[in-house]
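Hi,

Here is the structure I said I would pass on. Have a look at it first, and then read my notes underneath.

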Amino acid sequence: MNDTPIRRSVHAYFMQRALELAGRGWYTTRPNPRVGCVLVKDEAIIGEGWHERAGEPHAERAALADLERRGGSARGATAYVTLEPCSHTGRTPPCVDALIEADIARVVVGTQDPNPRVDGQGVARLRAAGIDVVTGVLAERCAQINAGFNQRMRQGRPRVRVKLAMSLDGRTAAANGESQWITGDTARDDVHRLRAESGAVMIGRGTLVADDPSLSVRLAGEWPQPLRVVLDSHLEISPSAKLLGLPGDTLVFTASGDRTRIQALQAAGARIEQVGTRGAGLDLAAVMALLGEREINDVLVEAGPTLAGALAQAGLVDEYMIYMAPTLLGDGGRSLLKLPGVQTLADARQLVVDAIEPVGADWRIRARPKRS
Ligand code: AOF
Ligand code: ZN
């Protein structure tokens, strides 16, 4: 019965609703995953919930609380959850216990929780308690909403997205070096939303010196602010940099042990993290691993061509977000990424383009490296 086409489409229908609910926590759940849950009896929704923020109830307990408010009973109901229910005690008790206690008859799961403390054990415990479990419904979409969390759980480092802006002829600055916001206001707002959904925004010393950016989310209403991360091998940035004076944390990665500079930056509000070097700059893999330890799921890199190129060469870019403005900057402008030129086309770096979407008068190209 579970696998008949009609059953599958009923499951997909309610999982789609659970995905919508998960989306309500889009900007707030980190470092936790986004999760939605729908309770269904006789093909009608009797309770809904989503995870809002770490430390607060998980989606399943939120849905059970909603059901209780409505005065219903979960006995014999089906729970649709975008992520495998947790089996461990973290900041909150295990969701599998809540589902078992509520006498749920069936649980339909979107995707497995890659957290090593769960990782299949949630499903196993539900089955051991006699609950019918169906897995893999809208699995790809349920996994996609937590791409950063999944990456951190599996590889110990965040998902790295590199944001770049260029003219139609692939330039990122005019000949005089001017480079801030080649693209329009709609693209700017889109980048601010990317900042808001990322645990950290990263730049190199060059961008800090050139633009003195604040890296904050400046959109109407209340938005979560990301951790600001600056890579500065020799600790050359100024304690008067604008972002050091803003609310929230700025983390500066450096290979320098210069006490005077360290103390001056700390006094200006920076946190300093020492890391080794590799090739011409900081050990970027070590930087990402340290951000993973700090439970950062997603890093948005807003760097110039040097750092963006170094990340690409280190194999640390998971996705490019390239904003393309309908302008031509011509010769003399900087190119998009600083990479060694290839001798033959056979050596070109291949990307897979996942989407090209209009953003105001500009275009956003979402692409990722083609892994062989
Ligand atoms: C679920 N439903 O809604 C969420 C889950 O510290 P805690 O107690 O919040 O646990 C966090 C972990 O629980 C997180 O890393 C992930 O494995 C899982 N999150 N699980 O069944 C939810 N948010
Ligand atoms: Zn849970």
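Below is what I found, going from the whole chain to single strands and helices.

Before anything else, please keep in mind that this is a predicted model.

**Whole chain**

The protein chain has eleven helices and 16 strands. Its C-alpha atoms fill a box of roughly 70 × 45 × 40 Å along the principal axes. For 372 residues, a compact globule would come out with a radius of gyration near 21 Å, and the chain has 23 Å, which agrees. Buried residues account for 42% of the 372. As for contacts between residues at least 6 apart in sequence, 68% of them join residues at least 24 apart.

**The nine-stranded sheet**

Nine strands make an open sheet with mixed pairing, and the order is S10-S9-S8-S7-S13-S6-S14-S16-S15. Strand S10 (270–274) and strand S15 (351–359) are at the edges; each has a single partner strand, so one side of each has no neighbour in the sheet. On average, neighbouring strands here are turned by 25° against each other, direction ignored.

Two strands in this sheet got a closer look from me.

S9 (residues 250–254) runs parallel to S10, and five bridges join the two. Along that pairing, threonine 250 stands opposite alanine 270, and valine 252 has isoleucine 272 as its bridge partner. Towards S8, there are four bridges and the strands again run parallel; here leucine 231 is partnered by phenylalanine 253 of S9. How many residues of S9 are buried? Five of the five, so S9 is largely enclosed by the rest of the structure. Thr250, Val252 and Thr254 point one way, while Leu251 and Phe253 point the other way. That fits the usual pattern: side chains in a regular strand alternate between the two faces of the sheet.

S6 is mostly covered as well, with nine of its nine residues buried. Arg159, Arg161, Lys163, Ala165 and Ser167 point one way from S6, and Val160, Val162, Leu164 and Met166 point the other way. So which side chains should you check? I would start by viewing Arg159, Arg161 and Lys163, as these are among the buried residues of S6. S6 runs parallel to S13, with four bridges joining them, and valine 160 stands opposite valine 299 there. Seven bridges join S6 to strand S14 (residues 319–325), also in parallel, and serine 167 has alanine 325 as its bridge partner in S14.

Helix H11 (residues 305–313) lies across S6 (159–167), S7 (200–204), S8 (227–231) and S13 (298–301), and runs at about 135° to S6.

**Helix H1**

H1 covers residues 5–23; at 1.5 Å a residue its 19 residues should span 27 Å, and the end C-alpha atoms are 27 Å apart, which agrees. Which residues of H1 are buried? They are His11, Phe14, Met15, Ala18, Leu19, Leu21 and Ala22. Seen down the helix axis, the buried residues fall within an arc of 160°, so they line one face of H1. The face turned away from that buried side carries the exposed residues Pro5, Ile6 and Ser9.

The buried residues of H1 pack against five strands and a helix: S1 (36–41), S2 (44–50), S3 (78–83), S4 (106–111), S5 (132–134) and helix H5 (139–144).

Cheers

Terms used: Residues numbered from 1 in each chain as written. Chains lettered and ligands numbered in written order. Predicted model: local features only at pLDDT ≥ 70, side-chain atom pairs only at ≥ 80, totals over all residues. Expected span 1.5 Å × (residues − 1). Buried ≥ 20, exposed ≤ 12 C-beta atoms within 10 Å, placed from the backbone. Arc of directions from axis to C-beta. Contact = placed C-beta atoms within 7 Å. Pairing = 2+ DSSP bridges. Axes fitted to C-alpha atoms, helices over the stretch in contact; angles between N-to-C directions. Rg over C-alpha atoms; globule rule 2.2 N^0.38 Å.
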